[in-house]
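Dear colleague,

I am passing the structure below on to you, and my notes on it follow directly after. Please read them with the coordinates open beside you.

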Amino acid sequence: MRRWRGLKALVHDAVDATTELVEEGHESTSRSVMRVLGAIEPLAEPARAVDEVRRVTTHGVLATIRAVNRAVEVVTDVGLDAAEHAVRMKGLPVEDPAVPMRSDALRTMRGIGDAAMGIVNGAIGDRLYARSNGLDLGMQLRHADTYLPLEAEVDRAAVARVLEGATSKIVVLVHGLMATEWSWCLESEAYWGDPAASFGTMLARDLGYTPIFARYNTGRHVSENGRRLAREIALLVDAYPVPIDEIVLVGHSMGGLVVRSACHYASEEGLVWTAKVKRVISLGSPHHGAPLERVGLVAARVLGAIDTPGTRIPARLIEARSAGIKDLGRGKLVDEDWLGRDPDALREDACREIPLLDHATYHFLSATVTEDRDHLVAKVIGDLLVLSPSACGERLAHRTFPIDVQHFGGVMHHQLQNHPAVYEQVRRACASEA
């Protein structure tokens, strides 16, 4: 029911946003016409008068559309309230259970819907959070097919039931932008002959790790998700049913930045779980930023500077990209990297250097679409989203101690989550002594 409310609210917000774009298009067209007619003295005054009538009429029509839209929103809210009450009276669950983590989940409507939620959160998740929209994924940790009940007052017995058979070794896997935890099973059937295979399940089988998958709103700032993940892991560790010997953190793409941010905030807040972290593995994470986001920023500025509907409207749409996407442009990890700064500035101050955990081993894995890392295509597009030097963290100030850097040629960005060659490297890393 929460999703239905969120979807309905999103539709109403989209109607409002569309009216704003229509108004922007009308005004841009008007300015273009008036620049011509205003220069012709006999036509200047009549043109201004006609344009004023147009402006008033357009404003009235669009205001009516907004008013009707909000009235429909109120009426449908009442209907959903009644439907939810009826469901509760029948003793039926109000929320759907977790979508099974299988590569064939996209063959079901629930799987498609869950993937769509990940995309929507990545695109506008900051606004979903700000408006308390039911589509906001928030932050949850999952084991097998159940989300862990990690609240302020943790029900230890409930957590123990979900984590039945838990081992002393935990691996936490954090997905990337516009995804959900389901993405760890992407192409599993093709790669492994098992649609339920993932790095988590295979590390459990091969090395005895208990896999925990994070699910979060990728449209929020990396630092916001990092702080939240730090606290979720703290709740997990506090409620864990057996003593913990080690924690391994694995992040794909944005997930690698969220992991680094979580370690930073956990250290700042004195959360003891960081002492258990044995290794941190980043798969295609843009530690120095992602050039594709910076290209989008330049495109928005260029298009916005041209006063035509065909350029101003696309510019507005690009500018509306989420805070999470904007953070990827520079690899921002902490609040100071964005608080009080213009996220759309073409030139920004350098991001704050965040030290790595000095007792953990770090593994940075990169990929390129070409087998040859030095190929011109690889240097330009990397793995399609992240360039190899950024994924390898070549400019980080941590080079005073060794970091295991591995490269995979002929592998695309999304394939880093489940590729057999990548898993073999992850398995070897986890099996080795720190």
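A residue is called exposed here when its relative accessible area is over 50%, buried when that area is under 20%, and partly exposed in between. On that scale Val295, which lies in helix α9, counts as exposed because its relative accessibility is 52%. Please keep in mind throughout that this is a predicted model.

Val295 belongs to a nonpolar patch on the surface, which it forms together with Leu292, Leu376, Val377, Val380, Ile381, Leu384 and Leu385, and the accessible area of these residues together is about 700 Å². Two elements, α9 (residues 291-304) and α12, each give two or more residues to the patch, and the largest share, 4 residues, comes from α12.

One member of the patch, Leu384, also deserves a look for its backbone: its phi is positive, near 100°, although the residue is not a glycine. Most residues other than glycine have a negative phi. Leu384 sits in the loop between α12 (376-381) and α13 (388-391), and with a relative accessible area of 45% it is partly exposed. Met178 is another residue other than glycine with a positive phi, in this case about 60°; its place is in the loop between β3 (169-174) and α5, and at 33% relative accessibility it counts as partly exposed.

For the buried side of the model I would turn to helix α14, which covers residues 420-431 and spans 16 Å from its first C-alpha to its last, close to the 16 Å expected for its 12 residues. Its buried residues are Val422, Tyr423, Gln425, Val426, Ala429 and Cys430, and, seen down the helix axis, they fall within an arc of 160°, so they line one face of α14. An α-helix has 3.6 residues a turn, so residues three or four places apart point the same way. The buried residues of α14 pack against two helices, α5 (188-192) and α6 (199-207), and against the strands β5 (246-252), β6 (277-283), β7 (361-368) and β8 (404-409).

As for the chain as a whole, it contains 14 helices and 8 strands, and 47% of its 434 residues count as buried. Among contacts between residues at least 6 apart in sequence, 78% join residues at least 24 apart. The protein chain exposes about 20,100 Å², of which carbon and sulfur atoms supply 61%.

With kind regards

Notes: Residues are numbered from 1 along each chain as its sequence is written. This is a predicted model: local features need pLDDT of at least 70, side-chain atom pairs count only at pLDDT 80 or more; totals for chains, interfaces and linings use all residues. Side-chain values use heavy atoms; hydrogens and water are left out. The expected span of a helix is 1.5 Å times one less than its number of residues. Buried means under 20% relative accessible area, exposed over 50%, partly exposed in between (1.4 Å probe, protein chains only). The arc is that of the directions from the helix axis to the C-beta atoms. Contact means heavy atoms within 4.5 Å. Accessible areas come from the Shrake-Rupley method with a 1.4 Å probe; for residues, only the protein chains shown count as cover. Patches are made of residues with over 30% relative accessible area and no salt bridge: like charges are joined within 9 Å, nonpolar side chains (Val, Leu, Ile, Met, Phe, Trp, Tyr) within 5 Å. A salt bridge is a side-chain nitrogen of Lys or Arg within 4 Å of a carboxyl oxygen of Asp or Glu.
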